[in-house]
Amino acid sequence: MAISNVISVLLLLLVLINLSNQNIKGIDAFHQIYEELQSESVESVNHLHRPSFHFQPPKHWINDPNGPVYYKGLYHLFYQYNTKGAVWGNIIWAHSVSKDLVNWEALEPALSPSKWFDIGGTWSGSITIVPGKGPIILYTGVNQNETQLQNYAIPEDPSDPYLRKWIKPDDNPIAIPDYTMNGSAFRDPTTAWFSKDGHWRTVVGSKRKRRGIAYIYRSRDFKHWVKAKHPVHSKQSTGMWECPDFFPVSLTDFRNGLDLDYVGPNTKHVLKVSLDITRYEYYTLGKYDLKKDRYIPDGNTPDGWEGLRFDYGNFYASKTFFDYKKNRRILWGWANESDTVEDDILKGWAGLQVIPRTVLLDSSKKQLVFWPVEEIESLRGNYVRMNNHDIKMGQRIEVKGITPAQADVEVTFYVGSLEKAEIFDPSFTWKPLELCNIKGSNVRGGVGPFGLITLATPDLEEYTPVFFRVFNDTKTHKPKVLMCSDARPSSLKQDTGLLAKDRMYKPSFAGFVDVDMADGRISLRSLIDHSVVESFGALGKTVITSRVYPVKAVKENAHLYVFNNGTQTVTIESLNAWNMDRPLQMNDGAL
């Protein structure tokens, strides 16, 4: 009997481990599920912390951007949306259009669960413009058994620039997981591209146990898709690869983006994946072998958790598209919530899209750089500037004459000599985040910390600092620059319980900035919009988005400062700051 019991226990453990590895529900790691709250709708929303110039629906929950595309003079943004409440659930493909990426009009939903192949959910995907056919949506549907399937949808009228109506043909699905695959971890097809061998290709994210996988599928007619013999890439111990993105960048043209089907010798490819077990995104640069359908990372940056990121903060499930109008690649990303679930429901909304960003390869050819699209500058209003102003140790200078809760700030710092920089011992195992936690904005250093204090009260009861700290790397004999956006002191709001849903998410975020500072200068730009601070270090080499919910530093009570807590005097070589106006039209309409 004892042996039988042991065997039973072992068998049960094996089943539990298998269930854990397979993640049968599929969405537990994807989003927290609060079934009792999914349909708590609101008539009106609380505007206290609601952003003014970032994209949001009129109310309720928003997450992943789906298949942004430029078509017949309009930018189309599709996104995951809960029609009934401010938590994840009841997800459809909402649809909005714009002529300028600033003003948005909401249209009728594009997709919602209705067929056997998506009755359990219409999840993320993409849009491809297919010659002779027009736009085609590729998306993940979930059937009644919670198996994830890849489907397509076509516009009812491809000549309609608004693409108001979409049809889901009955010959769906176009790709189903085979017996070797994880049917509950098979989702988020990328924008497809056409290759010279006559095939269309798309990438789908997946996992097998703890190995992250990007499968590649091929088709000649955009209906019949076949999985390649091998994944285009995979990596052990990285978990589910959500929302993959795969696109080329130019090694010679650092001003323009490339379309997916571009073929040339002077290119690299980017593979980006969203890791659901870390809730961050990572990317590598490498080479794509079309004949073998294999992607090989360069190897000079880690392929996995310690790799490069599009954004080191509250940012996930991003998606790029090629803008034919201006010959650029544009990135959309979801700034997920940091507020409590209870407060999300009370305020009637959750989540937003970051300001669209251009994507280019840095001139070093070692990383990408990101910058807000130029159209956002049309919202700039009142303007103040500051030039050649020294900030000594412990000083902070207020930026007056603008609305600090809704602003665009660009500042270039001159630090001069780096002799006082702290030593960065190569034996340190500290990661950027650990360094930021240990050496925050109030911990005196040599060169830094210096930067901006956003959404602050005058007595600094609440504040969100965005700052640099410069170290001297004894191994490379070059500066090692840390950038932090620290939400820990951002709010006086008290947690209401011990569960995750009852606690605010107030982390510090950090990343290193690959800049040699040979001229002693470094720049910082922050877009501040009530509950979101998007910051771009060194012209977009390192980007950090923070979501914050101050109690006192709101609306006209918010303040903005430039500060220096290092022994080395820092000069504000130039500072330009603007009020940001609300767009004339922000997604009002048919939702």
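Is Arg357 buried or exposed? Arg357 is buried, with a relative accessible area of 0%, where buried stands for under 20% relative accessible area, exposed for over 50% and partly exposed for the range in between (1.4 Å probe, protein chains only).

The model is a predicted one, in which local features need pLDDT of at least 70 and side-chain atom pairs count only at pLDDT 80 or more, whereas totals for chains, interfaces and linings use all residues. Residues are numbered from 1 along each chain as its sequence is written, and side-chain values use heavy atoms, with hydrogens and water left out.

**Salt bridges**

Across the whole structure, a search finds 36 salt bridges, a salt bridge being a side-chain nitrogen of Lys or Arg within 4 Å of a carboxyl oxygen of Asp or Glu. Three of these pairs are set out below.

| Pair | N to O distance |
|---|---|
| Lys115 and Asp170 | 3.0 Å |
| Asp311 and Arg357 | 3.1 Å |
| Glu534 and Arg357 | 2.8 Å |

Asp311 lies in the loop between strand 18 (294-297) and strand 19 (316-323), and Arg357 belongs to strand 23 (residues 357-361), so their salt bridge ties together parts that are 46 residues apart in sequence. Helices (H or I, at least four residues) and strands (E, at least two) are DSSP runs, numbered from the N terminus. Asp311 is likewise buried, with a relative accessible area of 0%. The salt bridge between Glu534 and Arg357 ties together parts that are 177 residues apart in sequence, because Glu534 lies in strand 34 (residues 532-537) and Arg357 in strand 23; Glu534 and Arg357 are both buried. Elsewhere, Asp323, Lys326, Arg328, Glu374 and Glu375 are joined into one network by salt bridges that share partners.

Lys115 and Asp170 also form a salt bridge, and this pair links distant parts of the chain, 55 residues apart, with Lys115 in the loop between strand 4 (104-106) and strand 5 (121-130) and Asp170 in the loop between strand 8 (166-167) and strand 9 (186-187). Lys115 is partly exposed, at a relative accessible area of 26%, while Asp170 is exposed, at 66%.

**Strand pairing**

Strand 23, which holds Arg357, runs antiparallel to strand 24 and is joined to it by 5 bridges; two strands pair if DSSP finds at least two bridges between them. Val359 stands opposite Phe370 in strand 24, and in the hairpin of these strands, with 6 residues between them, Lys365 takes a positive phi near 65 degrees. Of the 5 residues of strand 24 (residues 368-372), 4 are buried, so this strand is largely enclosed by the rest of the structure.

A separate description concerns an open sheet of 4 strands, in the order 5-6-7-8 with antiparallel pairing, whose edge strands, strand 5 and strand 8, each pair on one side only. Within this order, strand 6 (residues 134-142) and strand 7 (residues 148-155) pair in the antiparallel sense over 6 bridges, and Thr140 stands opposite Gln150 in strand 7.

**The largest pocket**

The largest pocket holds about 1500 Å³ of space. Its lining comprises 45 residues, of which Glu306, Leu308, Pro432, Lys480 and Phe512 lie nearest its centre. On a 1 Å grid over the protein atoms alone, a pocket is an open set of points where a 1.4 Å probe fits, with protein on both sides within 12 Å along at least five of seven lines, and lining residues have an atom within 4 Å of a point. Strand 32 gives the largest share of this lining, 6 residues.

Technical notes
Points joined across faces, edges and corners; volume = space filled by probe spheres on them.
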